Amino acid sequence: MRPSFYRACIAFLIALVGGLGLTTVASAAQTPCPTGPVLNKAALTIEPMKSFALGVRPTIVVHLTTRTGQPIANQLVKVYLNDLRKTQAKTNSSGVAYLTLRYDLSAGKHPFEVIYNGSPDLGFACATASSEFIVESAEVAIRTVPPLPGIRFALDQRVFVTDESGVARIDVSQPGAHRLEVLTTSEALPDARFEFNRWNDEVYTPYREVRFPIKQPLEAGFIVSYPVYMDFVDRQGQLVDPARIDTLILKGNGRTYMFARPGDHWLPANYLSKRLGNLLEESKITYYIQSVILDGSNAINKGQQRFNVQPGEVWRIKLLMYSARFSARDALFGFPLGSGIRLEYPDGHTEIPAFGPNAELEVNALVRGSYRVTVVDAGGMATSTPLALSRDQSVELLVISYLDMVVVFGLLTAIALSIFFVGRPHLLAAFHSPAAFMALVRQTVRRELGRAS
C-alpha cells in the first residue's frame, strides 16, 4: 500500500507543477505512466490534421475516452514536439482537449506526441498517441509597378527576379523577420532606365525588414525614363535646323525642365500614387512645351503643345515660323536699288542675303519677333526699318537715291527763284547784263533785309 501511495503523490506533484506552467522543458521520457491497480484503461485519439500555411499556429484536437467510449472530462493532456513539451490543456465535458501550438514553426513535417499521465485516484491508466502535421512553405510574390521584367530582389541574400509580368516569386520556409532588398535600384538600358521610388506601405528605401507571413500584397514602385527624340518643324511641316534652337523649356508633373541645347534627352514617363487597398497606381506624365527660344524669340504659344513619353517616340514640335518677301525701290521713281539687305534678328545677330532679279528676295523660316532691315549698297540714303513679324509679309523698302536728292534740290531751287523774281520785272530786264543784274539783286536783298529789321 505504501509504494502505491508514494507513486500517487509523485504523480500528483508532477501534474500540479505542470498545471502551474513551471516546467517549460520536459521530455516524454521524463513522464512515465504510473503503475498500480487501475479500473479502466484510457484511450487517447488525435483528430486527423491538415497542412498548415507558414505562420498559422496549428491546433491539435484530442479525445480522451474510456475503453467503452465514455468521455473523460477535466483531465490534463500534454503535447510534446521534438521531445519538448510545448503546451497542455484539460479535456472538456465531452472529453475533448484543444491544444494550440503558439509558436512560429518552420516549413516541413512536425511529428508530435500527446500524453495523458492517467489518474490513479480515478482509476485511469496513462495513454499516448502520436501523429504529425505539415507546415507548408509560403510563396512570396512581389509585384513591380509598372510591370517590369528582370528586376532583381534579394531575400536574406537569396536573389530572385521578376518575370515578364513584373512579378518576382520566392519560397519562404522560416516565419518571422527577413531582410528584403531591391538590387535594381537604378538600371540603365539602351532604351530605358528604371529607378526605385517606393514600396506600397510607405517605405521609401530599397532595403527593408519584412515579417512573414505577409498580411498584405507587397509592391515595389519604379520610375521609368525613356530617351525623347524631338523634331522641329515650321507651319508647313518643313524641318527646322535644331542647331538654331537656343533653349527648350517644358513642364510636367509640377517640375520644369530646361535644356540649353537640342538633342535626345531622358525624361521620366510616369509617377506613382496610392489608391484604395494600400496599393500603388501608375499614372503617365503629360509634358507641356513652355517655350522654344530660337534666334532670340519664343517660337511657340505657351502650353499649347503637349506630349507623353513613350519608348522610341519622336516629339514633333511645331514652331511659329513665317516668310518675308523684301523689295527695295527708289522713293521717287520706283526703280530697283541695292544689292541686298542687312537683316538683324531678335537676338541681335545679322545676316546679309543678296537680292535676286528686280531687287527682290524672300527669306523663309523666320521666327516671329522684332527685326530691323536695311538696304545694302542702296546708292543713296537707306535707313533701318523696324519689322514686327507675326505672319507672312511683303515688305517694300524705299530708298532716297542720289538722283532723288538732286531732283529735289533742283526743284526747291527753281521754286525759290521763281518766288524771288515774281513782282520784280526790272530784275528780269537787267538779266542781259550780269553785272547790272547782280547789282540790282544786291540792292533788292539789302532793301528786303532792311524792311525785315
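# A walk from Thr162 outwards

In this predicted model, a convenient place to begin is Thr162, which, once its neighbours within four places in sequence are set aside, is in contact with Thr144, Leu148, Pro149, Gly150, Ile151, Phe153, Val167 and Ala168. Thr162 belongs to the loop that runs between β11 (158–161) and β12 (167–172), and with a relative accessible area of 6% this threonine is buried. Two of the residues in that list are also reached through polar atoms: the side chain of Thr162 comes to 3.0 Å from the backbone nitrogen of Gly150, and to 2.8 Å from the backbone nitrogen of Ile151.

Phe153, one of the contacts of Thr162, leads on to the interior of the model. The largest nonpolar core has 97 residues, and Phe153 is among those with the most contacts inside it, together with Leu250, Trp315, Ile317, Leu319 and Phe326. The strand that gives the most to this core is β17 (residues 218–233), with 8 residues. Leu319 can serve as an example of the surroundings of such a residue: not counting residues up to four places away in sequence, Leu319 touches Phe232, Val233, Asp234, Arg235, Val240, Ile245, Val292, Leu294, Ala299 and Ile300.

Phe153 also appears among the aromatic rings, since ring pairs link Phe153, Phe160, Phe196, Trp199 and Phe222 into a cluster. The structure as a whole holds 11 aromatic pairs. A pair of aromatic rings is described by the distance of the centres and the angle of the planes. In the pair of Phe196 and Phe222, the centres are 5.8 Å apart and the planes stand at 80 degrees to one another, an edge-to-face arrangement. Because Phe196 lies in strand β15 (residues 193–199) while Phe222 lies in strand β17, this pair ties together parts that are 26 residues apart in sequence. Both rings are shielded: Phe196 counts as buried at 10% relative accessibility, and Phe222 is buried with a relative accessible area of 0%.

A further edge-to-face pair is formed by Tyr345 and Tyr371, with 5.4 Å from centre to centre and 65 degrees between the planes. Tyr345 is placed in the loop between β28 (340–344) and β29, whereas Tyr371 is in strand β31, so the pair ties together parts that are 26 residues apart in sequence. Tyr345, at 6% relative accessibility, counts as buried, and Tyr371 is likewise buried, with a relative accessible area of 2%.

The strands just named lead to an open sheet of 4 strands, which has the order β29-β28-β31-β33 and antiparallel pairing. Its edge strands are β29 (350–351) and β33 (385–389), each of which pairs on one side only. Strand β31 (residues 369–376), which holds Tyr371, runs antiparallel to β33 and is joined to that strand by 5 bridges. Within this part of the sheet, Gly369 stands opposite Leu389 in β33.

Another open sheet has 3 strands, in the order β1-β3-β6, again with antiparallel pairing. Here β1 (43–46) and β6 (96–100) stand at the edges, and because each has a single partner strand, one side of each is left without a neighbour in the sheet. From one strand to the next, the twist averages 25 degrees. The middle of the order is taken by β3, which can be followed in both directions. Towards β1, the two strands pair in the antiparallel sense over 4 bridges, and Thr45 stands opposite His63 in β3. Towards β6, strand β3 (residues 59–65) is joined by 5 bridges in an antiparallel run, and Val62 stands opposite Ala97 in β6.

The edge strand β1 also shows how the two faces of a strand can be told apart. In a regular strand the side chains alternate between the two faces of the sheet. In β1, Leu44 and Ile46 make up a covered face, while Ala43 and Thr45 make up an uncovered one.

Beyond β3 the chain passes into the loop between β3 and β4 (76–81), where Thr66 lies. With a relative accessible area of 11%, Thr66 is buried, since the limit for that term is under 20%. Leaving aside neighbours within four places in sequence, Thr66 is in contact with Lys41, Ala43, Ile72 and Phe124, and one of these, Ala43, belongs to the uncovered face of β1.

Terms used. Residues are numbered from 1 along each chain as its sequence is written. This is a predicted model: local features need pLDDT of at least 70, side-chain atom pairs count only at pLDDT 80 or more; totals for chains, interfaces and linings use all residues. Side-chain values use heavy atoms; hydrogens and water are left out. Buried means under 20% relative accessible area, exposed over 50%, partly exposed in between (1.4 Å probe, protein chains only). A polar contact is a pair of N or O atoms within 3.5 Å; within protein, one must be able to donate a hydrogen and the other to accept it, and residues adjacent in sequence count only if both atoms are side-chain atoms. Contact means heavy atoms within 4.5 Å. A nonpolar core is a set of buried Ala, Val, Leu, Ile, Met, Phe, Trp, Tyr and Cys residues joined through side-chain atoms within 4.5 Å. Two strands pair if DSSP finds at least two bridges between them. Axes are lines fitted to C-alpha atoms, for helices over the stretch in contact, and angles run from 0 to 180 degrees between N-to-C directions. Rings of Phe, Tyr and Trp (its six-membered ring) pair if their centres lie within 6.5 Å; planes under 30 degrees apart count as stacked, over 60 as edge-to-face and the rest as tilted.
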